[in-house]
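These entries record what I looked up in one structure. I proceed by topic, from sheets to single residues and then to enclosed space.

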Amino acid sequence: MRRATGARVHAEGVSLTTREGPVYTGVDLTARPGTLTVFQADSGGGRSALLLTLSGRMRPTGGSLHVDGYALPKQARRVRRISSLGLMDDVNALDDRLRVSEHLSEARLLRMRPAARSVTDQAMEAADLADLDRRTMIKELSMLERRRLGVALALVYEPRLLVVDNVDGGLSREHQADMWRTLRNLTDEGLTVIATCADAQ
């Protein structure tokens, strides 16, 4: 798996407002390659929308935002090419009817650039799932395995920016620590990781 330098993310006063009112307001952020940046907010606090914005998948209504020098929302397509999403409800949830191997094959086929099968092996190892039986049905995975698989699927695209939503959701304290350790290990490789959680521990 290609290990490119992470992307630099810089936001000043970024906000998103809909007809129903503000989703998030006044976000200031500088995330450098090889760092983990965490936003803490309760469910409904706009954290998913913020991650979608930072990764070029949702248009902000105010502020200044650049990812790797690309201005958002004008250059959103370029940002989407260098960023990937971990699991996010209602966006890219796992399908309980599939096996792990099927999700991995689908991710590899959907890449913009052809890739060897080994890219999935490397992604699973980076997400601390090297020993997981890929014949396992998604519905049989533990919550920690599901969250790590979401990271592995994102890594198949060899992103420079990884955004991971609700890192601690449904996890015990011990498994939360395991998940954060996985994300920190990814930053040691130079990846830029931005995550959200409800409990910062």
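**Entry 1: the model.** I note at the outset that this is a predicted model.

**Entry 2: the antiparallel sheet.** I began with the strands. I recall that strands of a sheet pair through backbone hydrogen bonds, either parallel or antiparallel. I found an open sheet of 4 strands with antiparallel pairing, in the order β2-β1-β4-β5. Its edges are formed by β2 and β5 (70–72); each has a single partner strand, so one side of each is left without a neighbour in the sheet. Direction ignored, neighbouring strands here are turned by 25 degrees against each other on average. I then examined one pair within the sheet: β1 and strand β4 (residues 62–67) run antiparallel and are joined by 5 bridges. In this pairing, S15 stands opposite G62 in β4. Helix α1 (residues 47–54) packs on this sheet, where it touches β1, β2, β4 and β5. The direction of α1 makes about 50 degrees with that of β2.

**Entry 3: the parallel sheet.** I next looked up another open sheet, which has 4 strands in the order β3-β8-β7-β6 with parallel pairing. Here β3 and β6 (83–85) stand at the edges with a single partner strand each, so each has one side without a neighbour in the sheet. The average turn between neighbouring strands of this sheet is 15 degrees, direction ignored. Strand β7 (residues 161–164) pairs with strand β8 (residues 192–197) in the parallel sense, over 4 bridges. I located L162 opposite V193 in β8.

**Entry 4: helices across the parallel sheet.** I checked which helices lie across these strands. Helix α1 lies across β3, β6, β7 and β8, and runs at about 165 degrees to β8. Helix α6 (residues 173–188) lies across β3, β7 and β8, at about 160 degrees to β8. I note that α1 therefore appears in two entries, since it packs on the antiparallel sheet and lies across strands of the parallel sheet.

**Entry 5: S15.** Is S15 buried or exposed? I found S15 in strand β1 (residues 9–18). Its relative accessibility is 17%, and because buried means under 20%, S15 counts as buried. Leaving aside neighbours within four places in sequence, S15 is in contact with Y24, T25, G26, P60, T61 and G62. Of these contacts, G62 is the residue that stands opposite S15 in β4.

**Entry 6: R32.** I then turned to R32, which lies in the loop between β2 (21–31) and β3 (36–40). R32 has a relative accessible area of 48% and is partly exposed. Not counting residues up to four places away in sequence, R32 touches A7 and T192. I also looked up the separation of R32 and I82: they are 50 residues apart along the chain, and their C-alpha atoms are separated by 14 Å.

**Entry 7: enclosed space.** Rolling a probe the size of a water molecule over the atoms shows where empty space is left. How many cavities of 30 Å³ or more are there? The count comes to 2. I examined the second largest cavity, which holds about 40 Å³ of space. Its lining consists of G86, L87, R147, G150, V151, V164 and D165. Helix α5 (residues 143–155) supplies the largest share of this lining, 3 residues. I sorted the lining residues by character and obtained 3 nonpolar, 2 polar and 2 charged.

Key:
Residues are numbered from 1 along each chain as its sequence is written. This is a predicted model: local features need pLDDT of at least 70, side-chain atom pairs count only at pLDDT 80 or more; totals for chains, interfaces and linings use all residues. Side-chain values use heavy atoms; hydrogens and water are left out. On a 1 Å grid over the protein atoms alone, a cavity is a set of points where a 1.4 Å probe fits but cannot get out, and a pocket is an open set with protein on both sides within 12 Å along at least five of seven lines; lining residues have an atom within 4 Å of a point. Grid points are joined across faces, edges and corners, and a volume is the space filled by probe spheres set on the points. Ala, Val, Leu, Ile, Met, Phe, Trp, Tyr, Cys and Pro count as nonpolar, Asp, Glu, Lys and Arg as charged, and the others, Gly among them, as polar. Buried means under 20% relative accessible area, exposed over 50%, partly exposed in between (1.4 Å probe, protein chains only). Contact means heavy atoms within 4.5 Å. Two strands pair if DSSP finds at least two bridges between them. Axes are lines fitted to C-alpha atoms, for helices over the stretch in contact, and angles run from 0 to 180 degrees between N-to-C directions.
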